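Please find below some comments on the chain you sent, set out as numbered points. They begin with the chain as a whole and then turn to particular elements.

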Amino acid sequence: QAAASRAALDDVAGARRRSLDALYAASDTARQARQEVERLERERESFARRRGNVPDGHHRARVALAQAAGLQVEDLPFVAELLEVRPEHEHWREAANLALGGFALTLLVDERRLAGFRAAVDPVPSAVRLRYEGVPADLADDVTLDERTLPGRLDLKPGPFAGWLAGRLATAYDYVCVDDPADLGRHDKALTRTGQTSDGARGAHGGHGRENVLGFTNSRRLADLDDRLAAARGAERRAAEERAGAELRDAALAEQTAAHERVVELVWEHVDVAAAQAELEQWETVLADLQDGDTDVRDLRDRVATQSAAAEELHSQLVRARDAQAALDARWEEVSEAVDVAQAALDAAEARGTALAAAHRAYLDDLLGRASGGQAGGQGGQGSQAGGALTLPAFDAALQAVGQRLVFDREQAASAAAAGLDALRAVFETFTRQWPDPNLGTDPDASYPDFERVLTALETERLHELEAHWSRNLARLSGDDLTALDAAISRALREISERIDPVNEILGQLPFADDDHRLRIDPRPVQSAVIARFRRDLREVRGSLGPDAADAEREARFARMERVIDRIRRTSPDFTDLVDVRRHVRISAEKVDLAGNHVALYDHIGEKSGGESQELVAFIVGAALRYQLGDAGAQRPRYAPVFLDEALIKADAQFSGRAVRAWRGLGFQLVIGAPLDKVSALEPHVDAEYVVVKDEGGRSRAVPVVGLAEEGLAEEGLAEGLAESVPGVVG
């Protein structure tokens with residue numbers, strides 16, 4: 001044992017150091033766990049008071065700047081608070097956060113307030129560095145966003161900055177969303193689901209695991225914080241238990257060290273066992289001689305044994321009495337303290353004017369009666385005294401049972417209240433989801449008065465009448481407005497063909513390329529799945545509803561109509577493609593023979609010669625002008641003069657002649673301006689020719705050319721004037 005104690009004492013310094021290290025580590029872990037719980041509690045409290053998802057530090061810094069500038073927090077939104085990922089593209093949320101980067105945490109300031117804002121916030125200290133940008137407010141939100149790109153997969157919160165933000169997203173963050181990284185190089189700017197971006201030869205990747213900052217609401221963030229807070233509190237509890245265990249182990253080490261020191265101090269040689277044994281044997285011999293030789297000694301010995309037993313019994317009784325007295329004293333102190341506490345509670349309640357209601361008193365009396373009855377029965381009727389009064393232990397037991405019952409009832413009531421609040425929150429969320437209103441929240445306590453006012457208004461305004469009014473409007477909308485829209489689109493498409501037919505009749509009389517061919521303008525419907533689905537949806541919802549239609553049928557019809565109307569709003573990315581009927585038709589120029597058979601189709605002029613290009617352009621532009629004037633069926637257009645600057649200068653006389661005949665055949669009166677050296681190809685096809693000359697004073701005038709030879713011009717001194725002339729006018 002001594003050797004083991006010495007070995008333990010040899011390592012006492014190391015054991016002490018290890019114990020202290022374990023204690024310090026446990027204390028540090030407990031402190032960090034507590035700090036994490038406090039941080040999460042502060043963060044959740046911050047998010048519970050607002051609707052966005054920006055970090056708490058950025059929000060606090062924004063509040064300080066807003067107060068300094070005399071603005072409301074709503075006047076300084078972060079970009080992230082104005083954007084939300086559409087539900088059908090939820091899997092692109094992390095990619096959107098990574099792609100937007102620091103732009104999402106940029107403060108937007110009305111540019112009209114920018115100068116005052118800068119002056120006001122300059123002296124305000126801030127640990128978080130905020131980026132802000134002055135932008136124009138109340139711009140028209142008419143930017144079309146392609147759903148294939150990142151901006152097209154985001155919803156913009158309506159407000160003064162929505163128009164500017166849509167334009168910025170469409171120009172700076174128009175990443176095409178691709179599923180395969182191999183497609184990144186196929187677009188100027190692209191984005192994958194993992195957040196990798198490409199911008200020409202540049203790109204970026206990484207940064208995963210960041211907190212989401214986008215969104216109009218933060219319910220998802222609050223739920224995540226609740227889960228993290230529960231886990232952090234569990235970690236804090238385990239860390240506290242580990243620290244308590246380390247403290248106990250450290251105290252036990254000190255006690256063990258003291259015990260080892262006592263064992264080492266004791267030396268076996270200092271104990272004289274032989275002498276003590278010899279003395280014990282000597283006295284045992286003397287005692288035996290006395291007992292065997294004297295009767296009185298034996299009697300005294302017996303009496304001593306009896307008295308010793310009695311003394312031991314009395315001593316035991318004394319010890320038990322003292323223990324009982326100590327227990328009673330402790331109990332008396334506990335009872336006295338409990339009485340003082342109870343009296344203080346009664347006095348405080350009386351001072352506050354708190355009174356126990358009759359229902360509460362009856363409830364408590366019933367609980368105490370049942371608890372005391374069960375206690376008495378369990379003790380065989382010994383728990384009560386005469387007259388039915390409870391003993392103090394029986395009363396304490398009954399009081400404890402009542403307390404447990406109260407805790408159980410309170411937990412049940414709290415669970416019922418929590419369930420009721422959750423149900424109320426679900427009702428509020430369902431209401432705001434079906435009928436969005438920025439003035440209505442979903443917190444059961446804070447928003448209950450608002451919803452109560454809504455309910456009162458609905459009851460006051462008689463909801464059934466509103467429902468009937470809505471049904472009538474629904475029938476009118478589906479029966480008239482959408483039908484008119486579908487008919488207008490069909491009529492516009494038909495008018496395009498009707499207006500092109502007279503143009504084609506004129507072109508059918510004009511030679512194109514040679515005398516054996518003609519040019520025909522062919523309008524064809526665009527084969528677009530988006531347009532076809534939209535027209536099909538229009539036809540499905542334009543039917544009228546019967547007066548006996550069920551509510552489910554009306555709601556389904558309204559949902560379909562709502563989707564159709566949302567697609568034709570000016571904020572919709574499909575607005576232009578769906579409403580502009582010019583997008584529904586593809587116009588092509590077709591070369592046909594005299595029998596009307598197809599020869600060639602023109603959709604570009606890149607491979608044509610200069611003369612061929614100018615001839616084709618003359619036919620198409622002339623036909624387009626006649627179509628736009630809308631009077632192709634008349635002999636001449638309502639506005640005939642057409643001025644062409646340096647036109648038909650790359651073609652020979654043959655191409656130029658056909659082009660001029662095309663313009664004239666379409667009914668136009670041509671005035672063509674061309675350089676002097678390019679006039680020869682046009683001269684055979686014009687009725688009058690003028691040369692614009694400039695005199696020494698810088699004044700220009702038109703000189704008619706009437707069969708004068710080049711030598712004659714030289715003789716008249718016009719050669720120098722022609723050399724300095726501006727392009728001539730041929731008509």
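**Notes on the predicted model**

1. The accessible surface of the chain comes to about 45,800 Å², and carbon and sulfur atoms account for 53% of that area. These values should be read with the reminder that this is a predicted model.

2. Of the 731 residues in the chain, 30% are buried, and the secondary structure consists of 20 helices and 16 strands. When contacts in the chain between residues at least 6 apart in sequence are considered, 68% of them join residues that are at least 24 apart.

3. One element to look at is the open sheet of 3 strands, in which the order is β9-β10-β11 and the pairing is antiparallel. Because β9 (517-525) and β11 (598-602) stand at the edges and each has a single partner strand, one side of each is left without a neighbour in the sheet. From one strand to the next, the twist averages 30°.

4. Within this sheet, β9 and strand β10 (residues 585-593) run antiparallel and are joined by 9 bridges. As for individual positions in that pairing, I521 stands opposite A589 in β10.

5. A separate point concerns R499, which lies in helix α13 (residues 463-507). Is R499 buried or partly exposed? Its relative accessibility is 33%, and R499 therefore counts as partly exposed, given that buried means under 20% and exposed over 50%. Although R499 and L629 are 130 residues apart along the chain, their C-alpha atoms are separated by 9.8 Å.

Conventions
Residues are numbered from 1 along each chain as its sequence is written. This is a predicted model: local features need pLDDT of at least 70, side-chain atom pairs count only at pLDDT 80 or more; totals for chains, interfaces and linings use all residues. Side-chain values use heavy atoms; hydrogens and water are left out. Helices (H or I, at least four residues) and strands (E, at least two) are DSSP runs, numbered from the N terminus. Buried means under 20% relative accessible area, exposed over 50%, partly exposed in between (1.4 Å probe, protein chains only). Contact means heavy atoms within 4.5 Å. Accessible areas come from the Shrake-Rupley method with a 1.4 Å probe; for residues, only the protein chains shown count as cover. Two strands pair if DSSP finds at least two bridges between them. Axes are lines fitted to C-alpha atoms, for helices over the stretch in contact, and angles run from 0 to 180 degrees between N-to-C directions.
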